[in-house]
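Open the structure in your viewer and set a cartoon representation with side chains hidden. Each stop below names a selection and then says what is there.

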Amino acid sequence: MGPRAVVIGPPGAGKTTIGRLLAQRLDVVFRDTDDDIVQTAGRPIADIFANDGEPAFRAIEEDAVAAALRDHDGVLALGGGSVLSELTRERLAGHPVVFLSVGLAEGAKRVGLSTARPLLAGVNPRATFKALLDARVPIYRSVAAVEIVTDHVEPAEVVERVVAALSAHRTPSS
């Protein structure tokens, strides 16, 4: 059957927060592929990036997403960079993918631009975050069934918008 919803978006968009609330709302189980990776690897994602490099992490992530898409029937949250994989984008086809979008200012505020996020560590994390958004937003949009803006919107309201959008998306047009 596959997931009821697959939540994607950049860091700070609210994938985990909204995903958990959406799962509660739909009375299904929540799963986050980042958690799957940490459990499988036995170490934090930042350690995988630092010790093995981004390509190694992305390969692990690709496998984690494939397994979750195959095995999970609740709400699934993917890591922000998972859609960089062409194979993952192909695997997302036909799934109810929800792109949670966030602007630069709000996203920067939410993530705090700390070194806890490997791709945002460095000399100018705000510029790095802007470049990440510029590069990824078109990709998120290309695989999403619906897009929900999360800037300055309470999580409960975002969940209601997601439920409404998914319901409308599933309704066949005449």
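The tour goes from the whole chain to the sheet, then to the helices, the annotated positions and the nonpolar cores.

**Whole chain**

Keep in mind throughout that this is a predicted model. Select everything and colour by secondary structure: eight helices and five strands should appear. Followed along the sequence, these elements come in the pattern β-α-β-α-α-α-β-α-β-α-α-β-α. Of the 174 residues in the protein, 46% are buried. Taking contacts between residues at least 6 apart in sequence, 71% join residues at least 24 apart. Switch on a surface if you like; the accessible area comes to about 8600 Å², with 52% of it belonging to carbon and sulfur atoms.

**The sheet**

Hide the helices and look at the strands. In what order do the five strands lie in the sheet? The order is E2-E3-E1-E4-E5, the sheet is open, and the pairing is parallel. Strand E2 (30-32) and strand E5 (146-149) are at the edges; each has a single partner strand, so one side of each is left without a neighbour in the sheet. From one strand to the next, the twist averages 25°.

Now select strand E1, residues 5-8. Strand E1 pairs in the parallel sense with strand E3 (residues 75-77) over three bridges. Show side chains here: Ala5 stands opposite Val75 in E3, and Val7 has Ala77 of E3 as its bridge partner. Pairing between E1 and E4 is likewise parallel, over three bridges, and in E4 the residue opposite Val6 is Val97.

Are the residues on the two faces of E1 buried or exposed? Ala5 and Val7 on one side, and Val6 and Ile8 on the other, are all buried, and both faces of E1 are covered.

**Two helices on the sheet**

Bring back helix H1, residues 15-26. H1 lies across E1, E2, E3 and strand E4 (97-101), and runs at about 155° to E2. Next select helix H2, residues 33-41. H2 lies across E2 and E3, at about 60° to E2.

Within H2, pick Asp36. Asp36 has a relative accessible area of 17%, and because the limit for buried is under 20%, Asp36 counts as buried. Apart from neighbours within four places in sequence, Asp36 is in contact with Arg31 and Ala68.

**Annotated positions**

Select Gly12, Ala13, Gly14, Lys15, Thr16, Thr17 and Arg117, which an unreviewed UniProt entry lists under "binding site". Two of these residues are worth a stop.

Ala13 lies in the loop between E1 and H1. The relative accessibility of Ala13 is 1%, and Ala13 counts as buried.

Thr16 is found in helix H1. With a relative accessible area of 31%, Thr16 is partly exposed. Leaving out neighbours within four places in sequence, Thr16 is in contact with Phe30 and Asp32. To see these contacts, show the side chains of Thr16, Phe30 and Asp32 together.

**Nonpolar cores**

In soluble globular proteins, nonpolar side chains tend to be buried together. Which residues touch the most other members of the largest nonpolar core? Select Leu22, Val98, Leu100, Ile148, Val158 and Val162; these have that place in a core of 21 residues. E1, H1, E3, E4, E5 and helix H8 (155-170) each supply at least two residues of this core. H8 gives the most, with six residues.

Centre the view on Val98 and show what surrounds this residue. Not counting residues up to four places away in sequence, Val98 touches Ala5, Val6, Val7, Ile8, Val146, Ile148, Val162 and Leu166. Apart from this core lies another, of 17 residues; select Leu69, Leu92, Phe129 and Val143, which are among them.

Conventions: Residues are numbered from 1 along each chain as its sequence is written. This is a predicted model: local features need pLDDT of at least 70, side-chain atom pairs count only at pLDDT 80 or more; totals for chains, interfaces and linings use all residues. Side-chain values use heavy atoms; hydrogens and water are left out. Helices (H or I, at least four residues) and strands (E, at least two) are DSSP runs, numbered from the N terminus. Buried means under 20% relative accessible area, exposed over 50%, partly exposed in between (1.4 Å probe, protein chains only). Contact means heavy atoms within 4.5 Å. Two strands pair if DSSP finds at least two bridges between them. Axes are lines fitted to C-alpha atoms, for helices over the stretch in contact, and angles run from 0 to 180 degrees between N-to-C directions. UniProt positions are given in the numbering used here, feature names are shortened, and annotations may be inferred rather than shown by experiment. A nonpolar core is a set of buried Ala, Val, Leu, Ile, Met, Phe, Trp, Tyr and Cys residues joined through side-chain atoms within 4.5 Å. Accessible areas come from the Shrake-Rupley method with a 1.4 Å probe; for residues, only the protein chains shown count as cover.
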